Amino acid sequence: MQKRKIRKLSKSIIINLIGIIILIVILFPLLWVAITSLKAHDELFAIPIKYFPDNPTIQSYKEIFLKGYWSGQALLWHRYLLNSLFVSGISTFIVLLFGSMAGYAFSRFDFKGNKILLSILILTRMLPGPALMVPIYVMISNYGLHDTLWGLILVYSAFGLPLTTWLCAGFFKSVPKEIEEAAIVDGCSRIKALLYVVLPLAFIGIISVGAYHFVGSWSEFAFASILLETQKIRTAPVGLGDFIFLFGASYFNRVGAAAVTMAIPITVIFLFAQRHFVRGFLAGSVKE
Amino acid sequence: MGKRLKLPYIFILPTFIVVTVLIAYPIFDVIRLSFTDLFLLRPGTGKFVGLRTYAKTLSDPVFPLVLRNTIVWMALATILSIGFGLGVGYYLSFDWKINKVLRAVILLPWILPPVISASIWQWMMHSEFGVINDILVRLRFLEDGIAWLGEPKLALSALILVMVWKNVPMLAILLSAAFQSVPAELLEASTIDGATEWQKFRFISLPSISYTLLILMVIVSIWNIQQFVIIWITTRGGPINSTHIFPTYIYEMAFTNFRFGQAAALSVITIGILMIISVLYLILFRKEARS
């Protein structure tokens, strides 16, 4: 009896130990950047390393938001965040509008080319983004959209639409056709039935697709870095990249402050929509 | 009747216009550009030169290095991600208390912008003030700190570990769901027959999820060959080109050197590699489906 108890106990210790190791590996880097952002400049270079700052300070946050100068260049972090909000917001609106329209058509109408068109759409997600940087740069420049936020919004929308359409089609399919038909029989037009009956039922799904796209646009670096030149209109990922280049290790607390403020909105969205993210991701990558 | 038939086409029209203009057309344009000598700093370039741009790109002494790096990056990052993903996913598939906590936070590395992950790891791997060296020296694994990202021999391996850290959470979540769908009766029967935990994993759980595993390998390979930010932010392909893979090399060729023709040729080669991988996996799928 005693032996079995000991064995059970040691098993549970080993299991929890493994779990804690996984937890540390996952979370430590994130905690570390938050801790570093609260350090004063001279504490960054303390040897041995200080795992907890003696005097936690939000100095670095003030420096990137308010005073904000570095060798004659304004830092404008709040501006970068607002630009990101604008780009991600508008492109999320576009993909939701167009994507849910297309998704509705694919899920409700048996028109010619239905299946093939949807397959083509989802195939575009296999393309490596970096391989399209050159032609997209050329095209955006030709249209005179280089160095504008609108060019970037267009690119994000184009890359987001296939998945959004695909997922919206799935959500609309899950709304029983009979409900919609009943509304039409009751004298609703097709469009009215869509707006007042079907959309509210598919709403949560559609919002989570929007959240997914928003997070993706908020994070995107490569296209933002080539399509935007003027400092004032840069987005947060590019701004953070600049900070890393400007400050390097010597002011990592500022890089950390920028990283933390940029991560907060995403973490909040993620906490609310986590379940949908996994499901959306599955549907988007694994063809059913 | 006619109106009803047109409605679906009107509904999908905006999506198809945007996708055609911004994704489908660029695929053809990148092929066209790869046959030109477009060099943004020299006016008058951009004419058709046949295969000369490809010849120039392939004979560049850096090209074999980039090809080698890309293969190493793809192979190692994929194998390690899947390996750790299997382990963590199997762990997560059990009904333990600690797994509630783990599940709640594990996806954070995956969801965070890669530019943030890159900045964190660059700071943690700093040769003098980095926390990784500090821990390793304290635990007496090392005598002195190492410049993880400064050594040409080490940098790519260090970045592969960052990529694995980013990939594993999503894989673990998906694989744990797959493990949980393994029929409980099978596992119980094997317990009665006296199977050890390892035998249960190896001969029952693992074979039951082989299809999911193959799909995930395709997906992870695609994640890996598309990765640009983690490398570009931390090392810009250096030191001495030791961490350049195709995406970073394309970016540098186009937007640092402004040699658009060559960058387009590299893009076409990248798409080609991706297609070869997809075909390889398709063949594997077929075999899997038959057996």
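## A buried tyrosine in helix α13

B:Y251 has a relative accessible area of 7% and is therefore classed as buried, a value that, like every other one in this report, belongs to a predicted model. The residue lies in helix α13 of chain B, which spans residues 246-255 and is mostly covered, with 10 of its 10 residues buried. Among the buried residues of α13(B) are B:F246, B:Y249, B:M253 and B:F255.

## The B:F228–B:Y251 pair and its cluster

The ring centres of B:F228 and B:Y251 are 4.6 Å apart and the planes meet at 40°, so the pair counts as tilted. This contact links distant parts of the chain, since B:F228 sits in the loop between α11 (210-226) and α12 (229-234) of chain B, 23 residues apart from B:Y251. B:F228 is likewise buried, at a relative accessible area of 3%.

Both rings belong to a cluster linked by ring pairs, which also takes in A:Y137 and A:F221 from chain A, together with B:W232, B:F255 and B:F260 from chain B.

## Other aromatic contacts

Over all chains, a search of the whole structure finds 37 aromatic pairs. One of them joins B:Y91 and B:W96 in an edge-to-face arrangement, at 5.0 Å centre to centre with 65° between the planes. In this pair B:Y91 is buried, with a relative accessible area of 7%, whereas B:W96 is partly exposed, at 27%.

## Charges over rings

In chain A, the charged end of A:R254 sits over the ring of A:F247, 5.1 Å from its centre. In chain B, the charged end of B:R259 is placed over the ring of B:F39, at 4.0 Å from the ring centre.

Note on methods:
Residues numbered from 1 in each chain as written. Chains lettered and ligands numbered in written order. Predicted model: local features only at pLDDT ≥ 70, side-chain atom pairs only at ≥ 80, totals over all residues. Heavy atoms only, no water. Buried < 20%, exposed > 50% of the residue type's maximum accessible area, 1.4 Å probe, protein only. Helix = DSSP H or I, 4+ residues; strand = E, 2+ residues; numbered from the N terminus. Phe/Tyr/Trp six-rings, centres within 6.5 Å; stacked < 30°, edge-to-face > 60°. Lys NZ or Arg CZ within 6 Å of the ring centre and 35° of its normal.
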